[in-house]
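These are my notes on the model, set out as numbered points. Please read them with the coordinates open.

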Amino acid sequence: DEPRVATTPFQASRIMRAFDVFPERGSTVRFWTRLNVDLTRESVRGTVHLPHGLQTKIRVLAFCPDDEVEEMLKAGADVAGITDPIRRIGQGWLGFDRCLATPLIMPQVMKVA
C-alpha cells in the first residue's frame, strides 16, 4: 500500500524533495487534506499556483479579415479568419482558449461575443 504521513502540504513537498522523489511525466502525486471546517457555517475557497503550470497548449483564435488568415497562422494562431470562426461559434464551437482581434474586425466579433 501507499505510505501515509500526516503533515502539511508544504512539509510533504519538502519531504519529496529531500528523498529525490520526482515523479515522471504523466504520473500523479496525491495529497489528501482534512479540513476542520463546519461547512454549514463557513465556506472553503482558495487557489493554488503550480510552479510549472499544467503545461497545456493554449489554442489561439485570431479574428482577422479572411485575406490575412495565412499570415496569422504563420504568426502562431491555431485558427484564424472571420467568416468560418463566426459561423462555427454561432453553432456552439468553442475550440479555443484565447482569442484576439484586429480593430477593423471588432464590430463583427461583437455579434458573437
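1. Which residue in β3 is the bridge partner of L61? The partner is C99. The model is a predicted one, and this bridge belongs to the pairing of β1 (residues 60–63) with β3 (residues 98–101), which runs in the parallel sense over four bridges.

2. On the overall make-up: the protein chain has four helices and three strands. Read from the N terminus, helices and strands follow one another as α-β-α-β-α-β-α. The chain counts 113 residues, of which 18% are buried.

3. What does β1 pair with besides β3? Strand β2, residues 79–81, pairs with β1 in the parallel sense, here over three bridges. Within this pairing, F63 has G81 in β2 as its bridge partner. In general, side chains of a regular strand alternate between the two faces of the sheet.

4. Taken together, the strands form an open sheet in the order β2-β1-β3, with parallel pairing. The edges are β2 and β3, each of which pairs on one side only. From one strand to the next, the twist averages 10°.

5. Two helices deserve a remark in relation to the sheet. Helix α2 (residues 69–75) joins with β1 and β2 in a β-α-β unit, and the unit is right-handed. Helix α3, which covers residues 83–90, lies across β1 and β2 and runs at about 120° to β1.

6. How many aromatic pairs does the structure hold? There is one. It is formed by W93 and F96, whose ring centres are 5.6 Å apart; the planes stand at 55°, so the pair is classed as tilted. The cut-off matters for that label, because only planes over 60 degrees apart count as edge-to-face. F96 itself has a relative accessible area of 18% and is therefore buried, since buried means under 20%.

7. Is G95 buried, partly exposed or exposed? With a relative accessible area of 23%, G95 is partly exposed, because the buried class ends at 20% and the exposed class begins over 50%. This glycine sits in the loop between α3 and β3. Its C-alpha atom is 9.1 Å from that of V79, and the two residues are 16 apart in sequence.

8. L104 is a further loop residue to look at, placed between β3 and α4 (106–109). Its relative accessibility is 70%, so L104 counts as exposed. Along the chain, L104 and P65 are 39 residues apart, while their C-alpha atoms are separated by 8.3 Å.

9. Two totals for the protein chain close the note. Considering contacts between residues at least 6 apart in sequence, 44% join residues at least 24 apart. The chain exposes about 10200 Å², and carbon and sulfur atoms supply 55% of that area.

Conventions. Residues numbered from 1 in each chain as written. Predicted model: local features only at pLDDT ≥ 70, side-chain atom pairs only at ≥ 80, totals over all residues. Heavy atoms only, no water. Pairing = 2+ DSSP bridges. Right-handed = clockwise from strand over helix to strand, strands pointing away. Axes fitted to C-alpha atoms, helices over the stretch in contact; angles between N-to-C directions. Contact = heavy atoms within 4.5 Å. Buried < 20%, exposed > 50% of the residue type's maximum accessible area, 1.4 Å probe, protein only. Areas by Shrake-Rupley, 256 points an atom, 1.4 Å probe, with all protein chains shown as cover. Phe/Tyr/Trp six-rings, centres within 6.5 Å; stacked < 30°, edge-to-face > 60°.
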